[in-house]
Amino acid sequence: MNIIRTRGHKVFLVFNYILLFLMAALCIFPILHVLALSMSTSAAASSGKVVIFPVDFNLNSYRYVIENNAFVRAFGISVLRVALGVPINMLMTILAAYPLSRSKSQFRAKGIFTWFFIITILYGGGLIPWYMIIRETGLLNSIWALVIPGAVPVFNVILLINFFRGIPGELEEAAYMDGAGHGRILWSIFLPLSIPTLATVTLFSLLGHWNAWFDGLILMNDTSKYPLQSYMQTIVISRDPTTLTVRDLELLKIINERTTKSAQLFIAMIPIICIYPFLQRYFTTGLVLGGIKG
Amino acid sequence: MRKTKRAILISLFLVIAMFIAACSGSSTEPDQNDTAAEDFDLKADEKYSPPVEMMSVKSVDATVKFLGDNDIHNNIWTRTYADKLGINLKYLWVVDASQYSQKLSATVMSGELPDVFVVNSLLFKLLYDSEMIEDLTDVYEAYASEKTKDVMEQDATALPVVTLEGRMMGLPLTDASIAGAPLLWIRQDWMNKLGMAPPQSMQDVMEMAARFVKEDPDGNGLDDTFGLAMSKDLWSAYGGLQGFFNGFHAYPRIWIERDGSLVYGSVQPEYREALAALQEMYKRGEIDPEFGVKDAVKLSEDIANSRVGIEFGVWWNPYHPLNLSQANYPDAYWQAFPIPSIDDKTAKSQYSAAVYSMIVVRKGYPHPEAVMKMINLWTENFLQDDTDQKLRDAYLGDLDNPDVIKYKYTDFHLWEPNNMLTAHEKLSRALARRDPSGLNIDESQRYQIIAAYFDQGIKEAWVEVATNGENGAVSILNEIARDRGMLNRFYGAPTQTMSEKMAALHTMEEEMVIKVIMGEPLSEFDAFVNEWYSLGGEDITREVNDWWKENRN
C-alpha cells in the first residue's frame, strides 16, 4: 500500500475520482431529466425550462398514467412476459449448457450440436421467414409468440457452457462415485457453484424480455396486446413532419405532451432499477468467470 | 446473502404492489355507450343479403379512444356497416400507425392479403406490379355515388395518383392539396413593437430577421432571439424552408414545368441563390446555430419561449405549435402573410397532391364494390352541408368527449378538397355582415370563437382568427389557389427508379443544405447537382417526363 503515499498517485486519484464522478453524472443526468419533466407542469416542460429539478412540482402526469388503461395493460403484459420468459430461458439455457459442456468422450456428437446452436448467432432467417414461421405455428397474437421464439438464448448458453467447463472434473467424479446421476450432478453440484453466472444470465434474459419492443409490434395483431416497450415505442416515436396534415393535430399535441411521456418512461424504468442493483454484484464476476476456460 | 434475498423480495413486492394499485385505480370508466346504428336515418346503398365478409387491417394512433365497451372491432362504424350495408368488417390485425407500413409489408410478403386495405403509393405500385390488386375502374363507374365522384374529381390530381396504365387500381383518400402550401408567419406583436410594416419582399423578411435578433423584441433584456425558425427537419410542416425557397422562385423537392418538360426543383439555379441567402443569415447569427440538431419538439420550445418571430409553415400552425407562445406571453399573436418575393416576379407557394394513400382491393375478392358502398355512406352523409349535430356526435366525435374522435374508427373516410376554401368564403361573408345565419355547424362554431376574440377579448381565440378569420391564413390559401401557387406537376405513383433511389437522394440533399447553411462553400451545391443526376436523377427525370406525356392536360 506504499504507492498510495506518493504524490503522483494522490494526484492521479483525485483526477480519477473527478473523472469517474463526471461520467457517473453523465449517466444519471438523462434519468433525472426525465424524472423532473414528469413532475413539472406541461407549460414549463414545453417551454424547455426543466433541467434536473421539477418546475411547479405536481404529480398530475402520474395520475394520468395510472388511470391510462393502455399503459397499465401493457405493463401487465410485460410483467407476464418476464414471468413466463425468464424461467423458460433459464431452463433451456441450463439444459442446453450442461450436455454441451461435457467432454467429447462423454458426449460424442457434441461438436455437431454446438454448431447447431452457434449457427443461429451467425445467420438469421430474416424478418419475413421469421414472421411466417410464427404465423404457421399458430403463435401469432398470443403471449407465447413473445416467449417461445426466443426460448433458447444462445449467447447465454455459451456463457454457461464456459463456466460449467471451469468446474473441476474431480467434483463431478466424486459425485459420480457416490452414486449421483447427471440430473443430480447438475442440480446439486453445478448449479449451486454457478450462482454468479446464473445471476448474470438471468439478468440478461430479464433485460432482454423487458426491453424488447419490435417483436411485440410485429407479432401482436391488436394494440391492446402490446407489451410495455412496444407501447412506449408508439408514444415516443416522432412523426415524419413533412407529411403532417391538420388531421394529425390531436396526435401532435399528444406527442408533445412531454410530462406524461416522461412519467411513463420513468415508471417503465422502475422494475429494472429495483432489480438491477441486487443482481449487479454478480454481474462482473459472472461475466469474467464464464470467459475463463478450465 | 439473506439480506439481499429480502431486498429482492421487497423490491419485487413494490413493483407488483404498484401494478395492482395501478389496476385498481383504473376502474373509473365512463359508462356511457355509443348509440346503436339503427337510431339514425342514414342514406345508404343497397344492403347485402346475406351479409358479406370483409377482412381488412387497421392502423390506430394514440388519439383513437373509445367510450364504454366499444373497441376497434365493435363500434358505431362496424355496426353501421353491418346494419345498413350488410358488410361484416373484420380486422386481421390492428397496429399503431407508426408501424403500419412495416406490418403491412410483412403481411403482404407472407402472402396473406386482406380483402380491402389502405396502402401508401410505394406499396401501391408494388402490389400493382405483382398483380395482386383488383382493377376498380368499372366499380367506380357503376357504384360511386354522385357526391363520391364529386369529391374524388374536385382535385384534378386525385384520380391520376391511383390510375396506372389507364386503369383505376385504387380509390384515392383525398384531402385539400392547397393545405400543404407554405405561408409566412410573423409575430405581429413584435412587428408592432418595433414599428415595422408587413414585409413586401424577401429583403424585408431578412431585414426583419436581423432586427428581431438585435433589438430584443420580447423585451426580456437578453440577447436570446433568432430571426428564422428552423429545425433539422428542413421540409417540416412548421419551421420548414419551402416558403423561404419559394420566395426565391426555387421549389425544393417538387417537379415544375420548364421549357416544355418537367424538371426537379432541387437542382435548379434558383435553389443556389436561396441557399446563399440562408448561409448569409447564418453567418450573421440570424439562424439558430443548433438548428441542425433540433427536432420539432425543440423547435416548439423556442416558439413557446418567444425566441423566434418568423416562421415558414402551413395554415394550421397556430393550432400547433404557434399557440404555445401564448403560454408564456399572453399577448403573442402570429399573423400569416403570403410568401414575398426576392424580385418583381410574384412568389408562388409550392404544394403537392394531397393523396398520400389509397384504398385497394385484393385481386379475387368477390365483392370489390362493397368498399365503394362504404365510401358512399361516408360522402353522402358526412360531407354534406346539412349533416345534423346528432349524427355528427354519433359518428364523427361528440362534443361531450372532445378527445374521442370517432371517424378514426374507420379507414373509409376522405375529405373534400375544396371544402376548406368555400367554407372560408362563407365564413368571411358572415363575419363581414356580423350574422352567422346560413352557416353549417363547423362554420358557426368558428364564427362564435372569432366573435369571442373581438367582442369579449378572449385572447386564446386568436388561433381561430389567425387561421379562419377574414385576414387569416385560409384567405391567403385562397389567393394561392387562384394564382400564387406552384403545384407539384408529378402526382403519379413513384416510378421505378424513384422507389429505389429517391430516399438516398433526399438524404444527400438534406446533408448538403445543412452543410452549406453552416458555412461550406456554395460549390457543394453544384457538386450535389452533378451527383444527383448521376446517381439516378437522370433516370428519374426521364421516367417522370414519360409519365407526364401521358398525363398532361
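The exercises below, each with a worked solution, concern a predicted model.

**Exercise 1.** Determine how many helices and strands chain B has, and work out how its radius of gyration relates to the globule rule.

*Solution.* Begin with the secondary structure, in which chain B has 21 helices and 15 strands. Next take the radius of gyration, which is 26 Å for chain B, and set it beside the 24 Å that the globule rule gives for 553 residues; the two values are close, so chain B is as compact as a globular protein of that length. For the extent of the chain, note that the C-alpha trace of chain B spans about 75 × 70 × 65 Å along its principal axes.

**Exercise 2.** Describe the burial, the contacts and the surface of chain B.

*Solution.* First consider burial, where 58% of the 553 residues in chain B are buried. Then turn to the contacts in chain B with a separation of 6 or more, of which 76% come from residues 24 or more positions apart. Finally, look at the surface: chain B exposes about 23,000 Å², and carbon and sulfur atoms supply 51% of that area. As for charge, chain B carries 52 positive and 86 negative charges, and the mean positions of these two groups are 4 Å apart.

**Exercise 3.** Locate the domains of chain B and of chain A, and state for each chain how far apart the domain centres lie.

*Solution.* Start with chain B, where domain 1 comprises 37–175 + 354–409 and domain 2 comprises 180–351 + 484–551. The centres of these two domains of chain B, taken over C-alpha atoms, are separated by 35 Å, and 8 residues of domain 1 are in contact with 7 residues of domain 2. Continue with chain A, for which the assignment gives domain 1 as 2–46 and domain 2 as 65–291. In chain A the C-alpha centres of the two domains lie 31 Å apart, while 10 residues of domain 1 are in contact with 8 residues of domain 2.

**Exercise 4.** Decide whether A:N16 and B:S325 are buried, partly exposed or exposed, and place each in its helix.

*Solution.* A:N16 belongs to helix 1 of chain A, residues 7–38. Its relative accessibility is 27%, and because the partly exposed class runs between 20% and 50%, A:N16 counts as partly exposed. From A:N16 to A:P87 the distance is 71 residues in sequence and 41 Å in space, C-alpha to C-alpha. B:S325, in turn, lies in helix 13 of chain B, residues 325–328, and it is buried, since its relative accessible area is 0%. With neighbours within four places in sequence left aside, B:S325 is in contact with B:R187, B:I303, B:A304, B:A332 and B:W334.

**Exercise 5.** Find where in chain B the cis peptide bonds at B:P50 and B:P321 and the positive phi values of B:E165 and B:D216 occur.

*Solution.* As background, most peptide bonds are trans, and most residues other than glycine have a negative phi. The bond from B:S49 to B:P50 is cis, with omega near 0°, and B:P50 sits in the loop between helix 1 (2–25) and strand 1 (52–60). The bond joining B:H320 and B:P321 is also cis, with omega about 5°, and B:P321 sits in the loop between strand 11 (308–313) and helix 13. Turning to phi, B:E165 has a positive value near 45°, lies in the loop between strand 4 (163–164) and strand 5 (167–168), and counts as exposed at 66% relative accessibility. B:D216 has a positive phi of about 50° and lies in the loop between helix 9 (202–214) and strand 8 (226–228).

Terms used
Residues numbered from 1 in each chain as written. Chains lettered and ligands numbered in written order. Predicted model: local features only at pLDDT ≥ 70, side-chain atom pairs only at ≥ 80, totals over all residues. Heavy atoms only, no water. Helix = DSSP H or I, 4+ residues; strand = E, 2+ residues; numbered from the N terminus. Rg over C-alpha atoms; globule rule 2.2 N^0.38 Å. Buried < 20%, exposed > 50% of the residue type's maximum accessible area, 1.4 Å probe, protein only. Contact = heavy atoms within 4.5 Å. Areas by Shrake-Rupley, 256 points an atom, 1.4 Å probe, with all protein chains shown as cover. Lys, Arg positive; Asp, Glu negative; His and termini not counted. Charge placed at Lys NZ, Arg CZ, Asp CG, Glu CD. Domains from an automatic or database assignment.
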